[in-house]
Amino acid sequence: MRLHHTLAGSGPRVLFFNGSGATLEGSAPIIDNLRTFATVLAHDQRGLGRTGIIDGPYTMAQYAQDGADLLDHVGWDTCTIVGISFGGMVAQEFAVTFPERVEKLLLLCTSAGGEAGASYPLHENVGLDPEVRTAKMRTIFDTRFTDEFLATDKFAAAMAKMLADREAIAKSDEVLRGEAMQLEARRHHDVASRLGNIACPTLVMAGLYDGIAPVANSEAIAARIPGAELRTYEGGHLFIAQDPRAMADISAFVVA
């Protein structure tokens, strides 16, 4: 197995876990921002991007193990773990499985599953008519994104267009197969009963209007991790791009 990965930046060491269907290429703006204050190790997760299809089915434990193997490959014993959306799920699985390797834990717009609440079942969108899927994704991406709201907010309208354009991109059968296996693993994510084993400094971040990973799910995560802090932001599932405070808080937490 070969995990396509990048290692760049300067500052504290960070292992970054990406979101559902996301690749290094598509998440470059986020990763580049992290690199301004941290040394960032990131990869295309199994089934996605230039890593490509690895024999499945996949499990959350395998995604976490991939991260541990990557740390071994670059010679890092410990680092800060940052996970966004699906990557936040993997980050939680990593933290409860390899607690000795986690210096700090940063969880963005994610869920713990089980009794702590699951994120929106994206696997149910597979096979939907593209227009139906796009309309559904818009409203769960940010619950404010009605036609009326978008007509008065240019930045929100641009984000909604970005979502629509992304949903309209044609994908090969191989790409769809990799994404489907990731979503199947995501469907079984549940670390709720194990979060109490995390002892490192933890920051949980959530968008107030996120319909994919509602604030209540982040509240449940923070309540289960001893000493965890929860912060909320003006935005939806991609509040990191909507609220300028988010990246500043990430930087302060990682560098401190």
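## Helices, a buried aspartate and the largest pocket

Arg 187 is partly exposed, because its relative accessible area of 42% falls in the range between buried and exposed. The model in which this value was computed is a predicted one. Arg 187 is found in helix 7, and its side chain is joined to that of Glu 184 by a polar contact of 2.8 Å. Although Arg 187 and Ser 119 are 68 residues apart along the chain, their C-alpha atoms are separated by 8.8 Å.

Helix 7, which spans residues 173–187, is also one of the elements against which the buried residues of helix 2 pack. The others named there are strand 1 (5–9), strand 2 (13–17), strand 3 (39–43), strand 4 (79–84) and helix 3 (86–97). The residues of helix 2 that are buried are Met 60, Tyr 63, Ala 64, Asp 66, Gly 67, Ala 68, Leu 70 and Leu 71. After helix 2 comes Gly 75, which has a positive phi, near 85°.

Asp 66, which has its place in helix 2, is a charged residue name to follow individually in that list of buried positions. Asp 66 counts as buried because its relative accessible area is 2%, where the cut-off is under 20%. The side chain of Asp 66 is joined to that of Arg 46 by a polar contact of 2.7 Å, and once neighbours within four places in sequence are left aside, Asp 66 is in contact with Met 1, Leu 3 and Arg 46.

The table sets out the lengths of three helices.

| Helix | Residues | Number of residues | Expected span | Distance between end C-alpha atoms |
|---|---|---|---|---|
| Helix 2 | 60–74 | 15 residues | 21 Å | 22 Å |
| Helix 6 | 154–168 | 15 residues | 21 Å | 21 Å |
| Helix 10 | 244–255 | 12 residues | 16 Å | 17 Å |

For helix 10, the 17 Å between the end C-alpha atoms agrees with the 16 Å that its 12 residues should span at 1.5 Å a residue. The buried residues of helix 10 are Ala 246, Met 247, Ile 250, Phe 253 and Val 254. Seen down the axis of helix 10, these buried residues fall within an arc of 125°, so they line one face of the helix.

In helix 6, the buried residues are Ala 156, Met 159, Ala 160, Leu 163 and Glu 167. Their directions, seen down the axis of helix 6, fall within an arc of 100°, and therefore the buried residues line one face of the helix. Lys 154, Lys 161 and Ala 168 are exposed on the other side of helix 6, while the cover over its buried residues includes helix 4 (130–141), helix 5 (147–152) and helix 9 (239–242). At the N-terminal end, helix 6 is capped by Asp 153, a side-chain oxygen of which lies 3.1 Å from the backbone nitrogen of Phe 155.

Glu 167, buried in helix 6, is also among the residues that lie nearest the centre of the largest pocket, together with Ser 20, Gly 21, Ala 22 and Arg 166. This pocket has a volume of about 1600 Å³ and is lined by 44 residues. The elements that give two or more residues to its lining are helix 1 (28–35), helix 4, helix 6, helix 7 and helix 9. Which helix gives the most to the lining of the largest pocket? Helix 7 does, with six residues.

Terms used:
Residues are numbered from 1 along each chain as its sequence is written. This is a predicted model: local features need pLDDT of at least 70, side-chain atom pairs count only at pLDDT 80 or more; totals for chains, interfaces and linings use all residues. Side-chain values use heavy atoms; hydrogens and water are left out. Helices (H or I, at least four residues) and strands (E, at least two) are DSSP runs, numbered from the N terminus. The expected span of a helix is 1.5 Å times one less than its number of residues. Buried means under 20% relative accessible area, exposed over 50%, partly exposed in between (1.4 Å probe, protein chains only). Contact means heavy atoms within 4.5 Å. A polar contact is a pair of N or O atoms within 3.5 Å; within protein, one must be able to donate a hydrogen and the other to accept it, and residues adjacent in sequence count only if both atoms are side-chain atoms. The arc is that of the directions from the helix axis to the C-beta atoms. On a 1 Å grid over the protein atoms alone, a cavity is a set of points where a 1.4 Å probe fits but cannot get out, and a pocket is an open set with protein on both sides within 12 Å along at least five of seven lines; lining residues have an atom within 4 Å of a point. Grid points are joined across faces, edges and corners, and a volume is the space filled by probe spheres set on the points.
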